[in-house]
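Please look over the predicted model shown here, with attention to its confidence, its cores and one of its helices.

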Amino acid sequence: MLTGTHTLSSPNRIAVGDYLRHWRKLRRRSQQDLALEAELSTRHLSCVETGKSNPSRELVLRLCERLSVPLRERNAWLVAAGYAPLYREQQLGAPDMHTACKAVQHLLDQHTPWPAVAFDRHWNLVLANDMVQPLLLDGVDPILLTPPINLLRVSLHPLGLATRILNLGQWRAHLFLRLQQQVQMTCDPTLKALLSEVKAYPAPSTGPPLALGVEHPGVFVPFIVQTPFGILNLITTTTVFGSPTDITLQELALETLIPGDEATAQLLRKLSTTLPRAQSRLAPAGMA
């Protein structure tokens, strides 16, 4: 598997042609199709793949764009071709990221009374609004709340929310599919290991599915959870930054849990006025 962890100083340095071949095959693109889209000859593309020709910096970036290569991996391509990395990666706690961090927190807060979180590429919780802690994290075993808090482990581990999710089989399959797609898109070994880990968690007992929520394939899957305040029937929506130039921001996802029925909406509105505001923010991943 080719990832951005290989560098020029590695004993087994990967050539830019190896990255190109790997990602082209991963995206199931022929040399002819990719060459046509990238506006170069098939022969030139073949020479880049075999190492007979070193691509220009502009061509590296063009090929990465056509293959939807993540920013983190684009830096690896550039280094392999002999160029300096283009995309920076800063933790949200860095001074230069202060404005971006405040903007993300503002977006999450504006979703109140609906719970909302931001998480990184490995599903580690970065930021949350005040509805998340009392509704979804209270009662979770402290071992799962040791930073970085991983949302997949919290959702699917028996010591987390698994015993409280009323449509666990449905929700579990949905998360597996999302994670499998992410592994396919990024080739991230950490995500691959995480997928193997959560798949090994105990599966819900077999039996007829609970008729608690309606699934609309390709649109949404309900998240139905028992909380100390009652049952919440929720639908998740995910937002990502459209055109970031920072790796951290590209890999950040904002997820809002919106009501799936009017009873849930009324309960959340009521709770937003009665629950105490968080005395301190959840410790974000990657922040001091």
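The briefing below treats confidence, nonpolar cores, a helix and a buried arginine in turn.

This is a predicted model, in which local features need pLDDT of at least 70 and side-chain atom pairs count only at pLDDT 80 or more, while totals for chains, interfaces and linings use all residues. Residues are numbered from 1 along each chain as its sequence is written, and side-chain values use heavy atoms, with hydrogens and water left out.

**Confidence**

- The chain averages a pLDDT (the predictor's confidence in each residue, from 0 to 100) of 86, and 85% of the residues score at least 70.
- Among the elements of the chain (helices are DSSP runs of H or I with at least four residues, strands runs of E with at least two, numbered from the N terminus), helix 8 (residues 151–156) has the highest mean pLDDT, 97, and helix 11 (residues 247–250) the lowest, 83.
- Over residues 5–11 pLDDT stays under 50, and the model has seven contacts (heavy atoms within 4.5 Å) beyond four places in sequence for them; over residues 207–218 pLDDT also stays under 50, with 13 such contacts.
- Where pLDDT is low, the predicted coordinates should not be read in detail.

**Nonpolar cores**

- The largest nonpolar core (buried Ala, Val, Leu, Ile, Met, Phe, Trp, Tyr and Cys residues joined through side-chain atoms within 4.5 Å) has 44 residues, and those with the most contacts inside it are Leu 156, Leu 179, Val 198 and Phe 223.
- Helix 9 (residues 168–186) gives the most to this core, with six residues.
- A second, separate core of 28 residues includes Leu 34, Ala 76, Ala 81 and Tyr 87.

**Helix 12**

- Helix 12 (residues 262–274) has 13 residues and spans 19 Å from its first C-alpha to its last, close to the 18 Å expected at 1.5 Å a residue, a figure obtained as 1.5 Å times one less than the number of residues.
- Thr 264, Ala 265, Leu 267, Leu 268 and Leu 271 of helix 12 are buried (under 20% relative accessible area with a 1.4 Å probe, protein chains only; exposed is over 50%, partly exposed in between).
- These residues lie on the same side of helix 12 because they cover an arc (taken from the directions from the helix axis to the C-beta atoms) of only 165° around the axis.
- The face turned away from that buried side carries the exposed residues Ala 263, Lys 270, Thr 273 and Thr 274.
- Helix 7 (132–137), strand 4 (230–240) and strand 5 (253–259) are among what covers the buried residues of helix 12.

**Arg 74**

- Arg 74 is found in helix 5 (residues 71–80), and counts as buried because its relative accessibility is 10%.
- Not counting residues up to four places away in sequence, Arg 74 touches Cys 64, Glu 65, Ser 68, Val 69 and Tyr 87.
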